[in-house]
Amino acid sequence: MTSLAFAPAAFAADPTPSSTPSSSASPSATPPATMSTVGGELLGKPGTQANLGSDAPVLPKDISARSWIVADAESGEVLAAHNAHWRLAPASTLKMLFADTLLPKFNKDEKHKVVNADLAGVGSGSSMVGIKENETYTVHDLWLGVFLRSGNDAVHVLSAMNGGVKQSVADMNAHAEELQALDTHAVNPDGYDAKGQVSSAYDLTLIARSGLQKKDFREYCSTVRAQFPGATKKGKNGKKTRSSFEIQNTNRLLTGASGLDAYQGIAGVKNGNTTNAGATFTGVAERDGRVLLVTVMHPEKDEHNQVYKETASLLDWGFKAAGKATPVGELVPPKGADTDTSDGDAESTAQPKATASASGGAGGKAVAAGTAEGSSGVGVALGITGGVLVLLAGGAYLVNRKWPGSKDRGASA
């Protein structure tokens, strides 16, 4: 068995900035010598960590990301990682934490009329879904705007419903601590570049795993396209009508793009791209009954869709390496999770305290239903409901087990 621990290479400077202005300095191109050891000692070391058996496939050689991780979504085993705990700007992948924190707070049918104050503070150049003041939206509409279009306007409206941006950010940070996502610090709710706003590949994977326990989170993040309410107009006869327009998910492994096929088995989760963060992405996919989570942060190669290409390469490797590579760490459960591995009613016995599921689903044209338009590869959505992995395919449920126990719940500076 070969153990690999590659020293970090010297990285180039940040790629050409996007249209989103940066409000914080670019991070150092060299990872810290010591990082958090949540999930295992190896995960706190810089460089690539992998423990490959003689029959395990070699890691892909074309990965340029500053940080990445490949983990089994069900067992929590980390199959390989590179600078897993390096604190970097997360961009819109931070919206996973926003959603995991706020989704349980509102019924999806609840309605909200937008006022000007709801949209205050949305950053210049932000991604928007197109919310208009004085128009009424359901919570369901707003979450579609968050997940599909990464709409910062939708995030700010939901934040306003939650008592404001300050309250929502405080809730997010408290939830991150509950999840043991201790590399994460939110400054705003939408991932817009801000000084001190950081997360890590490890934390984003933890957050995604928690979010995927919620039915509505799963359905929103796997929805390819949906109709979104437009503006209300008054006709010549004085009658008011409101049209809708189509929005499509910006996750290119879900939808495909020019020169990039939709990834077979993909079921979410969230992408992001800002000046400071570069491109970031967390994806989840299922193949032959195994579900993997991969997070990729800031590829150095400045090529179109590079973050998706590197994610796909790591997913391909992970499916081939499963059962052949010795894990180098684990995804720890939330502090309040029931880690009892005995049999029982998973829905009622293994629910983390801070991640109670909201009732109801997201609806829309979702991968879960196998009816998504514009997707060439998916037919399976997944859940980790109450700490138990559930695969949803044609109504069949495959329950594996509860949250695995954690050997190391601490962290180093």
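This passage describes the fold, the buried cores and selected contacts of a predicted model. The protein chain contains nine helices and 17 strands. Of its 413 residues, 58% are buried. Among contacts in the chain with a separation of 6 or more, 69% involve residues 24 or more positions apart.

The largest nonpolar core comprises 63 residues, and the members that touch the most others are Ile131, Trp143, Phe147, Leu158, Tyr202 and Phe217. Helix 2, which covers residues 139-149, gives the most to this core, with seven residues. A second core, separate from this one, has 31 residues, including Leu79, Ala80, Leu260 and Leu315. The surroundings of Phe217 can be described residue by residue. When its neighbours within four places in sequence are left aside, Phe217 is in contact with Met96, Ala99, Asp100, Leu103, Phe147, Ala208, Gly211, Leu212 and Val269.

Three of these partners can be considered together with helix 1. Met96, Ala99 and Asp100 are contacts of Phe217, and they are also among the buried residues of helix 1. This helix, formed by residues 95-102, is mostly covered, with eight of its eight residues buried. The other residues named as buried there are Lys95, Leu97, Phe98, Thr101 and Leu102.

Aromatic pairing was examined next. The model holds seven aromatic pairs. One of them joins Phe98 and Trp143 in a tilted arrangement, with 5.6 Å from centre to centre and 50° between the planes. Because Phe98 belongs to helix 1 and Trp143 to helix 2, this pair ties together parts of the chain that are 45 residues apart in sequence. Phe98 is buried, its relative accessible area being 0%, and Trp143 is likewise buried, at 1%. Ring pairs also link Phe98 and Trp143 with Phe147, Phe217 and Tyr220 in a cluster. In a further arrangement involving a ring, Arg242 lies over the face of Tyr137, at 4.8 Å from the ring centre.

A loop residue, Asn83, was considered in detail. Asn83 is located in the loop between strand 4 (77-82) and helix 1. With a relative accessible area of 1%, Asn83 counts as buried, because the limit for that class is under 20%. Apart from neighbours within four places in sequence, the residues in contact with Asn83 are Pro31, Met35, Pro46, Gly47, Arg66 and Ser67. Pro31 is 52 residues away from Asn83 along the chain, yet their C-alpha atoms are separated by 7.0 Å. The side chain of Asn83 also takes part in polar interactions: one of its polar atoms lies 2.9 Å from the backbone oxygen of Arg66, and a polar contact of 3.1 Å is made with the side chain of His82.

Helix 8 extends over residues 306-321. At 1.5 Å a residue, its 16 residues should span 22 Å, and its end C-alpha atoms are 22 Å apart, so the expected and computed values agree. Twelve of the 16 residues are buried, and helix 8 is therefore largely enclosed by the rest of the structure. The buried residues are Gln306, Val307, Tyr308, Glu310, Thr311, Ala312, Leu314, Leu315, Trp317, Gly318, Phe319 and Ala321. Among them, Leu315 is also a member of the second core. Just after helix 8, Gly323 takes a positive phi of about 85°.

Notes
Residues numbered from 1 in each chain as written. Predicted model: local features only at pLDDT ≥ 70, side-chain atom pairs only at ≥ 80, totals over all residues. Heavy atoms only, no water. Core = buried A, V, L, I, M, F, W, Y, C linked by side-chain atoms within 4.5 Å. Buried < 20%, exposed > 50% of the residue type's maximum accessible area, 1.4 Å probe, protein only. Helix = DSSP H or I, 4+ residues; strand = E, 2+ residues; numbered from the N terminus. Contact = heavy atoms within 4.5 Å. Phe/Tyr/Trp six-rings, centres within 6.5 Å; stacked < 30°, edge-to-face > 60°. Lys NZ or Arg CZ within 6 Å of the ring centre and 35° of its normal. Polar contact = N/O pair within 3.5 Å; in protein donor to acceptor, adjacent residues only side chain to side chain. Expected span 1.5 Å × (residues − 1).
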